[in-house]
Amino acid sequence: MTDEAAVPVFADGAKFRFDRVRDSWVVLAPERLFVPDAHAVEILRLIDGQRSLGAIVDALAARFEAPRDVLARDVADMLHDLADRGAIRL
Amino acid sequence: MTRDRPEPPLALVAELTHRCPLQCPYCANPVALARASSELDTESWLRVFDEAASLGVLHLHVSGGEPTVRGDLATLVRAAAALGMYSNLITSGVLLDAARLQALAEAGLDHVQLSLQDMEPGDADRIGGFAGGHAVKLAVARQVRAAGLALTLNFVVHRQNLERLPAMIALGETLGAGRIEIAHVQYYGWGLLNRDALLPTRAQLDAATTAVEAARMRLRGQVVIDYVVPDYYAARPKACMGGWGRRIMTVTPAGRALPCHAAEGLPGLVFPSVREMPLAAIWQDAPAFARFRGTDWMAEPCRSCDQREIDWGGCRCQAFLLTGDAARTDPACAKAPDHAMVLAATAASAAAPPSYVYRGDRRTRENVR
Ligand code: SF4
């Protein structure tokens with residue numbers, strides 16, 4: 001389980017940017033390329049080194065009609081997955 | 001998706017130079033090294049980077065030779081960063097210091113991949129032929145992190161050092177590497193000549209796999225460990241370069257564009273120069289890039305195999321080196337007509353006493369700290 005107070009950041013050496021050639025957001029890391037779906041992009045755009053996991057979930061809950069606990073699980077799963085692959089630090 | 005318009009490349013490997021202060025016997029550089037005078041100049045590289053970014057390249061791997069021998073390295077890195085490309089410096093580290101790393105970090109470098117020949121300073125230096133190189137590398141690894149740069153440690157492993165893999169991983173952890181890459185020697189050139197001495201045994205591989213799995217669990221979320229079983233033991237070949245002309249483009253020091261750094265050794269292919277043709281035209285139109293792209297070139301057993309768009313028939317260079325025909329199925333594949341020669345090599349590894357003499361088998365604990 002993830003502590004909602006944890007502040008996720010992009011790992012050293014990870015870059016989140018828009019790729020105009022492919023018309024999509026990408027996360028670039030050493031020898032890795034992740035192409036997040038629209039939902040993941042919304043989450044990643046909220047990562048600013050200040051917002052905690054809980055604050056990210058709150059921000060999403062204010063915009064999307066989904067139960068907060070469902071959102072919280074989604075966000076934690078996605079960020080843990082990217083953390084395991086070296087793109088995010090939690 | 002049209003057939004005649006390939007997907008844009010994801011990565012460009014810019015071999016800035018063939019010059020290098022080390023002399024590793026397994027070096028992948030061609031024997032006929034480009035001289036400094038024939039290297040692309042700064043302006044040309046800047047144009048190539050520009051063309052690469054417009055074509056869709058996301059990752060720029062700055063390599064060599066030893067790319068840090070180029071005095072314009074920071075200028076090139078700065079240009080790549082301005083174009084939004086992810087820049088990765090692939091280096092032996094021996095020419096770097098804190099000030100230079102700081103300057104590269106300020107220029108926008110994203111990542112440093114530092115190669116270590118081995119754990120044991122004596123052996124590592126003997127292989128690299130650069131006295132004191134190992135100690136310098138360890139210092140450089142710390143300076144990379146101090147400059148705020150992400151670090152990958154790359155270890156080349158083989159029969160003679162595979163048992164030291166846990167110590168290698170521990171070293172990477174100590175030095176603050178976010179990624180550790182453990183790469184088996186490829187059995188090309190020097191590696192092929194010394195294959196019997198370098199090819200690990202099945203038992204060694206099983207121990208290595210167990211060690212990697214344990215380390216991955218322990219370091220989850222902190223260190224990524226990339227480890228690939230050598231294709232001689234894998235039953236399926238590797239998807240070399242992610243498929244010929246599909247993801248990666250290499251430009252040599254003299255400006256030749258290649259689908260893979262070793263492709264210049266294949267006969268009958270003409271590789272265009274970036275001095276004469278824009279990168280996009282080379283990628284899309286050059287016959288050498290189209291030659292083994294996709295699946296149309298394949299014969300059986302690949303042609304009707306359900307893995308053909310996963311491994312793309314394996315490595316063309318390995319097929320050529322082992323069979324003399326670059327268009328054959330990679331002999332590493334268990335379905336390949338030439339697979340028997342790979343089986344013979346792995347069977348021999350169980351018995352063969354190494355013919356490549358590797359001095360000093362002392363433990364490495366004191367060097368890990
Ligand atoms: S037969 Fe060809 S496509 Fe099938 S697994 Fe072997 S190399 Fe890959």
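A salt bridge is a side-chain nitrogen of Lys or Arg within 4 Å of a carboxyl oxygen of Asp or Glu. In this predicted model, local features need pLDDT of at least 70 and side-chain atom pairs count only at pLDDT 80 or more, while totals for chains, interfaces and linings use all residues. Residues are numbered from 1 along each chain as its sequence is written, and side-chain values use heavy atoms, with hydrogens and water left out.

I begin within chain B. The side chains of B:Arg179 and B:Glu181 form a salt bridge, with N to O at 2.6 Å. B:Arg179 is buried (under 20% relative accessible area, 1.4 Å probe, protein chains only), its own value being 4%. B:Glu181 is buried as well, at 16%. Both belong to a network of salt bridges that also includes A:Arg32 and B:Asp226.

I turn now to the interface. Contact, meaning heavy atoms within 4.5 Å, involves 27 residues from chain B and 20 residues from chain A. Across this interface there are 4 salt bridges, and the whole structure has 19 over all chains.

Which side chain of chain A meets B:Asp110 in a salt bridge? The partner is A:Lys15, at 3.1 Å from N to O. Because A:Lys15 lies in strand E2 of chain A and B:Asp110 in the loop between helix H3 and E4 of chain B, the pair joins two chains. B:Asp110 is buried, with a relative accessible area of 14%, whereas A:Lys15 is partly exposed (between 20% and 50%), at 23%. A further salt bridge links B:Arg220 to A:Asp84, at 2.7 Å from N to O.

Key
Chains are lettered from A and ligands numbered from 1 in the order in which they are written. Helices (H or I, at least four residues) and strands (E, at least two) are DSSP runs, numbered from the N terminus.
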